[in-house]
Amino acid sequence: MKRLYQALSALSLAALVLAACAPAATPTPQVIRETQIVEVPMEVVQTQVVEVEKPAEQTVVRLSGWASSPSETALLESLLYKFSVENPGITVKYEPITGDYKQALLTAIASGTEPDIFYMDIFWWQELAKNEVLLPLDDLMASTGTQKADFIPALIDAFTFDGKVYGIPKDFNSLGLFYNKALFAAAGLAEPTDDWTWDDLKAAAAALTDASDPNKPVYGLGVPADPGRFPIFAFQNGGGIMTDDYSDTVLDGDAAVGGGEFYAAFKADGSGALPSDVGEGWQGTVFGKGQFAMVYEGGWLIPYLRDQFPSTQYGVVLPPAGPGGEGNLIFTVAWGVSANTKNAEAAWKVVDFLTNAASQQQVLESGFALPSRVALKDSDYLKNNPAASAIFRGSLEGARPFFWGAVGSDVNDQMAKALERVYKEGQSVRDAFGEGATQIREAIQSQ
Amino acid sequence: MATLARRTPTAGSGEGLYAVWERFKNPIFYAVLIGWALLCLAPLYFTLVFSLKPVENAYTPPLWWPTPFTLKNYETVLTSFALFPRWLTNSVIIGVVTTALRVLFCAMAGYAFARLDFPLKGFLFNAMLVSMMMPGVVTLIPKFLIIGPGVIKGGLELGGLTIPTGFNLINRLEGVILPHMVDAFGVFMMTQFYKSFPKELEEAAEMDGTGRFGTFFRIVLPISQTQLLTLALLTFQGEWNRFMEPLLILRTPENFTLPIGLQWFRGEYYTLYSVILAGSLFNTLPILVLFFAFQKYFIRSVATSGSKEG
Amino acid sequence: MSTLARPGSAARSKRFTEAVTGYLFLSPWLFIFFTFIVFSLGWAVYLSFTRYNLLRPPEWWGLEGYQRVLTDDLFLEKALPNTFKYVLVVVPLQTIVSLVLAFAMDQQLRFRRVFRTIFYLPSVTSSVVISLIFIWLFAAQGVVNQIIGISYDWLGEVGTAFYIIMGMNIFTTSGTLMLIFLAGLQDIAPAIYEAASIDGASKLQQFLFVTIPMLRPVIFFVVTVGVIGCFQVFDQLYVMTRGGPLDSTTTVTYLIYKWAFQDTTIKMGQASALAIILTLIILAVTLLQRRVIEGSGAAAD
């Protein structure tokens, strides 16, 4: 009996191992196999010697990112094509991920099959740095003469951890106040300017609100319970969300609460609404339909309006300043390099190329996002595109990165829930934010 | 049954009430049946109506009739939005392959449990019964690790040899198929079936010198058609509608199944609800066709699942 | 082991061949069973005692993960009560609704086949598709509001979102459960009813003292399957509300998903601990419910 048990367990173990080996081995060589197939037709006419040497020269670099839109993918592909022409020795294999990117990347890292280069969102990239799965880039930067000072300080600093640079920002976005020109004209109001303050915003929102058509009410301002919008009001009130070292939250501080009270008041007095109040998921759509006269959104709204609501006439200005001055959020993504990469130099060449001045100029002109290089601040493109220019300038005025430390998702959750409690349950802003802050502290404690 | 004997034939008011009940029970039952039937049909009816209206009218009356009428949403689903046909294909592949494998493997295992004698048979069978009671969520994380990155990062080191501990099937349809190609319920169902099945035919075949495998594939499989079809329908329906595991395993839209794709589509293009409704009907249609074609087996499959405890 | 006493080499080799054949027939199932059930369960238990973020190997953590689960506000105040609420509302209601439907179907009424087909329709539709349809039906300007003439965000309000999901679940499962009950009802031999009516039992008494006791195994099955399924509800919540508004639809399984796959710092160890805790809860409830149903049976006899 005992022997049978042993035989059986050996058998099932063997089955497990066999089955585990076969499929697991395929993905990695697949990459090489593919590139070799590409080379074969050329090599046939060449001599034997070249045929042996050529694959050895060819370095394959795998690159991954999320594909937010076909045109953005096309832009990246055209840049990569340019790179391949300039660097014939390096083959870049682009593997876009369109689903849950972070989860896909973590899974790939866990199995050791991550690409050499990948996008990292500012919101969670430090988790990767802390777990030592990223390559520090300082030495590689020095090797090609790329300097930190070439990039917008707020961006490159956001991807620095323990004094080392781990990511090169590929582009960024900040928030601007989008306003509907037709609605302003109809209400007989002067259009907003960069010098607007909270008082101007408040007065305009009230004047723009028009509920006379129950099927198509118009609200002055969109005030979603969105942790990617509300924080700028805390900043503009002289406060913040987290302390500078992210060890504690200041969501229950007077400045953040004051910002929250100002924000929530729009909904309370009827001059502001949530997208769900008019049956939509995103305020960008409501703005396009002309039911929100003003919304805080990033540069991504520009191509969306162009494609979906081409007839909506709009303008963009800096977010109005509050009692504490200007405040804005920076959303940014960087290229990171895997600590496991076997081709660090080739990988760096790719990253450096994608973030050099020429490529950044192309990013800027595509209109999706703004370049991370300081030098492009005065480009003609921004002069001719006031909307993009407002978003770009927003990053220079009191802007902070959209990043809340290791418990970022908890902080976001708690901010959204605190606002929802204010909106739906009539809780006071102070109590709601106090409760949120308590939860955030618990999450920090249990890290 | 002692309680029944206690009743005396002469019951006063109870009998009167009962007469009232006898009189009105059929109308009441009809009302219940018709009411529930309307409730069951309403969502699908509205879905159909609004899928035949333009995208901008996703929330606009009339509710009961598709005016203005358009087939644009179906055109979008079938031709202009290339991912829908992909999702449909993926769902079909996963559904058909999983069903085929499961029917075969469950029949094989069921046959072994019912007919063959081997060491540890009772123990394994009981272990299988216990596993049927185990909630699936408990193995969710390890399952994900085994299908994907492996339970040990970089593999298991065994004397210089590195053995991967995962199949690396993330974002592959095989990753969805693999863990479901056989399941305890199917094995149990086939075991019960073969146990109740006369042995004579097989014995005759064995007399003729046919081996076990020959007997199984040439005699046993063909005569268990009905039962296999029941199991196949049950499996296909389950796989066609499965959500949580494909959600974790499939990563890029071209590899999504229809349910995953539809809910992803809603996140990306929430203004196009009429297209989602048209796509939803596409997800429902194949199952409905199968249901109407094999109603008898569907109903049998449900009844079988109910009697397994009894 | 009496066969060993008189060894016949032919018999022994036949038995050996049969054992090998048996295991060959069993091998696909055995492979899946050991990989995805036995090993997975063991690894889930192991992970529950570790801290694991997928980026580094699991780190032994003892009972810390369990302790964190059992002191987590979201678990204690939302996920656990919500899950119990879901089970306590959905399981009894779906059982009663489907039993009533089955009983109505068991009368010799006309159009039974048509009704049976219609009732089964919601069950063949996938949970995702039904969820997507319900989101649209119950949207602020959706069909439901247009029929009753109000504007209310059913899935966006704390007071209603969870009940809409519960109602939807009852709606989708009742068809299947009705068929199970119907099969059970039709399995009861007419002779038993005849015997009862000879004893002078009225129809009502027949229902209470014959039908219900005879259906007890089926009821047990339906309730057990319902309890196990409802404790793990996920698809509908993920598609419809993502646990919101204000965590009012966050259940234990959703929390497991959130911890293991969604948080900035993913917590696969702690999520595994929660999965083990959920399994123990389901086991306890199933055993308890078995005692209750069997107990009530003993009392009735």
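L246(C) counts as buried, because 20 C-beta neighbours lie inside 10 Å of this residue. The model you are looking at is predicted, and this leucine is a good place to start exploring. L246(C) sits in the loop between α10 (235-240) and α11 of chain C. Its phi is near 50 degrees, a positive value in a residue other than glycine.

Chain B offers a companion case. N168(B), found in the loop between β2 (161-163) and α7 (173-177) of chain B, has a phi near 55 degrees, again positive in a residue other than glycine. N168(B) counts as buried because 24 C-beta neighbours lie inside 10 Å.

Here is why such spots catch the eye: most residues other than glycine have a negative phi, and most peptide bonds are trans. Chain B also has cis peptide bonds, set out here.

| Bond | Omega | Place of the second residue |
|---|---|---|
| P61(B) to P62(B), cis | near 0 degrees | P62(B): loop between α2 (13-51) and α3 (72-80) of chain B |
| T67(B) to P68(B), cis | about -10 degrees | P68(B): loop between α2 and α3 of chain B |

Now let us move to chain A. Its secondary structure comes to 20 helices and 13 strands. Of its 447 residues, 46% are buried. If you take the contacts in chain A between residues at least 6 apart in sequence, 74% join residues at least 24 apart.

Five strands of chain A form an open sheet with mixed pairing, in the order β9-β8-β10-β7-β11. Which strands stand at its edges? They are β9 (272-273) and β11 (314-317) of chain A; each has a single partner strand, so one side of each is left without a neighbour in the sheet. Further in, β8 (residues 219-222) and β10 (residues 292-297) of chain A run parallel and are joined by two bridges. Across this pairing, Y219(A) stands opposite F292(A) in β10(A).

Chain C has two domains, domain 1 (2-48) and domain 2 (72-300). Their centres, taken over C-alpha atoms, are 38 Å apart. Four residues from domain 1 of chain C and six residues from domain 2 of chain C make up the contact. On the domain 1 side, three of the residues are nonpolar, one is polar and none is charged.

Chain C also touches chain A, with 25 residues from chain C and 26 residues from chain A in the contact. On the chain C side, the elements giving two or more residues are α1 (9-48) and α11 (252-262). The largest share, four residues, comes from α1(C). By class, this side has 12 nonpolar, seven polar and six charged residues.

How values were computed. Residues numbered from 1 in each chain as written. Chains lettered and ligands numbered in written order. Predicted model: local features only at pLDDT ≥ 70, side-chain atom pairs only at ≥ 80, totals over all residues. Domains from an automatic or database assignment. Contact = placed C-beta atoms within 7 Å. Nonpolar A, V, L, I, M, F, W, Y, C, P; charged D, E, K, R; others polar. Pairing = 2+ DSSP bridges. Buried ≥ 20, exposed ≤ 12 C-beta atoms within 10 Å, placed from the backbone.
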